[in-house]
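Q: Got a minute to walk me through this one? I'd like the overall picture before the details.

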Amino acid sequence: MTLRRRTLLIISTMFLCLVLILYFMIQGISLSLYEDIPSNLYGQLRPAIAYIILSVVGFGLLFGLATIFLVEKQVISRLTRLSNGIEQIGKGGDLSSRVSMGGKDELSKVAENINGMLIALQQSEDKLHELLKKEKELGKELQDEIINRVEFTRALVHEIKTPLTPLLANSELLAEEVKEETLQRLARGINKGAVSLNQRIDELLDLARGEVGKLTINPASVDIKQLLQEIASEMGSIIQQNGLSLDLELPKSLPKAWVDQDRLRQVVLNLINNAIKFTPSGGNITLWANKKGNNLVIEVQDTGPGISKESQQWLFKPYYQLGGETTRRKGLGLGLSLSKKLIELHGGKIWVDSQKGKGSIFGFSLPYLSK
């Protein structure tokens, strides 16, 4: 029920009660007069009494109508105007609008408070727009700076890889051609260094592409079990050279996954190389994979010194490297950061589970998607 209807109902009820009270009072007076005065005189007074009753009722009616008119004018209509003004501001969202309300009563004070609130909101909105404008400008400057750095990185990579390409090919041919053991060992060392340098350059370029959202994947149907077996075979000799052993734990069958084979290989190799670096001689590395629900889960576990909780939060940041005298550190600290970006491009997630002195498990999960 609206305020206007409620007010009219209250006034009408009060007016009816007043009329009834007056009616019964006059009836009481009439009865007392009827008993106290002669009947002929009472007959003469009855019109006068009826006139008085009608006059009182008429006066009460006029008083009630006047009261309703004053309440309507002074309260209800002003409340309605105040409500409509607030509603229009709320719908339009124009904080520069103001509520108009004359007078010096409580309603006008409410209107002043609302206008004060609108002024404060408008000032806050202006400051917010100004901050957003500055943020957009800074964002554009930062994006331009990132793009410039990426372009510089690309140019630098091109300049470095141009002389590196023949070095890779010729050092590999040289290692195959020479028969003398010392020269062959030197040639293979040169080739190994060139391959490592080429890998670091590619990681740096991929990271730069990821910063501007240009790192992409080309998924296809991949036999995961066969891929992991190939990786384990490729890394076998390197793991043995470092005095380590590798266990490959795979189920009898794994469904094919819709992934970028080269990028997935890159991630797994990063995790295995990371395990090699931090596992002391005589340790063990386990490559494990299985299907969990709708996800492919792959983990690399090592028997290294483990990683503290404080350091784990930085592992997937670029250029971060764990210290330690027993670690065979090499690289730029980009492997885990790049792996995280590649896994997220596949719609998956990557994690680490480690405790000091109890080794580490690096794993990731990918959704089984089909074309």
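Q: How many helices and strands in the protein chain?
A: The chain has 8 helices and 7 strands. Keep in mind that this is a predicted model.

Q: What share of the residues counts as buried?
A: 33% of the 371 residues.

Q: And what about the surface, how much does the chain expose?
A: About 23700 Å². Carbon and sulfur atoms supply 58% of that area.

Q: What share of the contacts with a separation of 6 or more comes from residues 24 or more positions apart?
A: Those pairs account for 68%.

Q: OK, the core. How many residues are in the largest nonpolar one?
A: It has 39 residues. Those with the most contacts inside it are Ile-224, Leu-228, Ile-231, Ile-272, Ile-298, Phe-362 and Phe-364.

Q: Which elements supply at least two residues each?
A: On the helix side, H5 (224-241), H6 and H8 (335-345). On the strand side, E3 (257-259), E4 (284-292), E5 (295-302), E6 (349-354) and E7 (360-367).

Q: Which one gives the largest share?
A: Helix H6, with 8 residues.

Q: Any separate core? Which residues does the second one include?
A: The second core has 6 residues, including Ile-89, Val-99, Ala-111 and Leu-118.

Q: Back to H6. How far does this helix reach?
A: H6 spans residues 261-278, 18 in total. From first C-alpha to last it reaches 26 Å, close to the 26 Å expected at 1.5 Å a residue.

Q: Is H6 mostly covered or mostly open?
A: Mostly covered: 15 of the 18 residues in H6 are buried.

Q: What happens at the start of H6?
A: A side-chain oxygen of Asp-260 comes to within 3.2 Å of the backbone nitrogen of Asp-262.

Q: Switching to aromatics. How many pairs does a search of the whole structure find?
A: It finds 1 aromatic pair. The ring centres of Phe-316 and Phe-362 are 6.5 Å apart and the planes sit at 70°, so the pair is edge-to-face.

Q: Where do the two Phe residues lie?
A: Phe-316 is in the loop between helix H7 (309-312) and H8, while Phe-362 is in strand E7, so the pair ties together parts 46 residues apart in sequence.

Q: Are Phe-316 and Phe-362 buried or exposed?
A: Both are buried.

Q: What else does Phe-362 touch?
A: Leaving out residues up to four places away in sequence, its contacts include Leu-271, Asn-274, Ile-298, Ile-307, Leu-336 and Trp-351. Glu-299 is also among the residues Phe-362 touches.

Notes. Residues numbered from 1 in each chain as written. Predicted model: local features only at pLDDT ≥ 70, side-chain atom pairs only at ≥ 80, totals over all residues. Heavy atoms only, no water. Helix = DSSP H or I, 4+ residues; strand = E, 2+ residues; numbered from the N terminus. Expected span 1.5 Å × (residues − 1). Buried < 20%, exposed > 50% of the residue type's maximum accessible area, 1.4 Å probe, protein only. Polar contact = N/O pair within 3.5 Å; in protein donor to acceptor, adjacent residues only side chain to side chain. Core = buried A, V, L, I, M, F, W, Y, C linked by side-chain atoms within 4.5 Å. Contact = heavy atoms within 4.5 Å. Phe/Tyr/Trp six-rings, centres within 6.5 Å; stacked < 30°, edge-to-face > 60°. Areas by Shrake-Rupley, 256 points an atom, 1.4 Å probe, with all protein chains shown as cover.
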